[in-house]
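Me: I am new to reading protein models, and I would like to go through one slowly. Could we take it step by step, with the reasoning behind each answer?

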Amino acid sequence: MQIIMVSDVHANYRALQAILDKYRDADEVWLLGDIMEYGPCPTRCIELARDRCSRVIQGNHDASYATAATEDRPNVWSGCDGMQIKPSDVEYLLHLPQSASVHVDGKSYHLVHGSPQNPLAGSLKPNSDPEHLQEAAE
């Protein structure tokens with residue numbers, strides 16, 4: 001089974017579309033957070049996530065945008081399609097899970113944007129002490 005994992009799209013529709021096109025034969029696409037902010041195409045990225053990604057996890061930028069009070073939420077317009085972010089897009093971001101456990105081909109995966117201890121904003125470095133990585137995994 002071929003699984004593609006993508007993270008930190010940040011409203012870059014062209015990049016996300018290019019990945020999905022290149023790996024169009026993948027069995028599953030897992031988007032591990034941060035669909036929102038910075039780039040010009042948030043609405044189209046949300047559309048792609050809904051339509052083409054098997055699993056979508058909430059990232060810290062998705063959460064901060066979706067949980068901001070309406071009057072404090074940046075008035076994001078999509079440079080790709082000229083559309084303002086719709087309330088249904090905000091609801092989608094708000095209700096994305098912060099983590100998910102997935103079992104595929106006899107293996108278990110724990111999906112987060114950050115780290116198991118802090119799913120939204122934590123981090124683990126590959127050169128971390130192996131004991132620290134083991135603690136995080138447990």
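Me: How many helices and strands does the protein have?

Reply: This is a predicted model, so it is sensible to begin with the overall layout. Read from the N terminus on, the elements follow the order β-α-β-α-β-α-α-β-β-α. Counting through that order gives the totals for the protein, which are five helices and five strands.

Me: Which strands pair with β2, and in what sense do they run?

Reply: On one side of the pairing list, β1 and β2 are joined by four bridges and run parallel, with I3 standing opposite E28 in β2. Strand β3, residues 55-56, also pairs with β2, over two bridges, and here L31 stands opposite V56. The strands asked for are therefore β1 and β3, and the sense is parallel.

Me: Which handedness do the β-α-β units around β2 have?

Reply: One unit is made of β1, α1 and β2, and it is right-handed. Another is made of β2, α2 and β3. For this unit too, the handedness is right-handed.

Me: Are the residues E28, V29, W30 and L31 of β2 buried or exposed?

Reply: In a regular strand the side chains alternate between the two faces of the sheet. In β2, E28 and W30 lie on one side, while V29 and L31 lie on the other. Both faces are covered, and these four residues are all buried.

Me: Which helix gives the most to the largest nonpolar core?

Reply: In soluble globular proteins, nonpolar side chains tend to be buried together. The largest nonpolar core here has 25 residues, and those with the most contacts inside it are L16, L31, I35, V56, Y92 and L93. At least two residues of this core come from each of β1, α1, β2, α2, α3 and α4. The element that gives the most, with four residues, is α2.

Me: Which residues of α4 does I35 touch, given that α4 covers 87-94?

Reply: Leaving aside residues up to four places away in sequence, I35 touches a list that includes V9, C45, I46, A49 and V56. The same list also holds Y92 and L93, and the range of α4 is 87-94. The residues asked for are Y92 and L93.

Me: Which helix do the buried residues of α3 pack against?

Reply: In α3, the buried residues are H61, D62, A63, Y65 and A66. These buried residues pack against α4.

Me: Why does the salt bridge between R50 and D89 tie together parts that are 39 residues apart in sequence?

Reply: The side chains of R50 and D89 meet in a salt bridge, at 3.8 Å from N to O. R50 lies in helix α2 and D89 lies in helix α4, so the pair links parts whose separation in sequence is 39 residues.

Me: Which residue of the network R50, K86 and D89 is buried?

Reply: K86 and D89 also meet in a salt bridge, at 3.6 Å from N to O, and bridges that share partners join R50, K86 and D89 into one network. Buried means under 20% relative accessible area, whereas R50 has 39% and K86 has 32%, so both of these are partly exposed. With a relative accessible area of 2%, the buried residue is D89.

Me: What percentage of the residues of the protein count as buried?

Reply: The accessible surface of the protein comes to about 8000 Å², of which 48% belongs to carbon and sulfur atoms. Of the 138 residues, the part that counts as buried is 41%.

Note on methods: Residues numbered from 1 in each chain as written. Predicted model: local features only at pLDDT ≥ 70, side-chain atom pairs only at ≥ 80, totals over all residues. Heavy atoms only, no water. Core = buried A, V, L, I, M, F, W, Y, C linked by side-chain atoms within 4.5 Å. Buried < 20%, exposed > 50% of the residue type's maximum accessible area, 1.4 Å probe, protein only. Contact = heavy atoms within 4.5 Å. Right-handed = clockwise from strand over helix to strand, strands pointing away. Areas by Shrake-Rupley, 256 points an atom, 1.4 Å probe, with all protein chains shown as cover. Salt bridge = Lys/Arg side-chain N within 4 Å of Asp/Glu carboxyl O.
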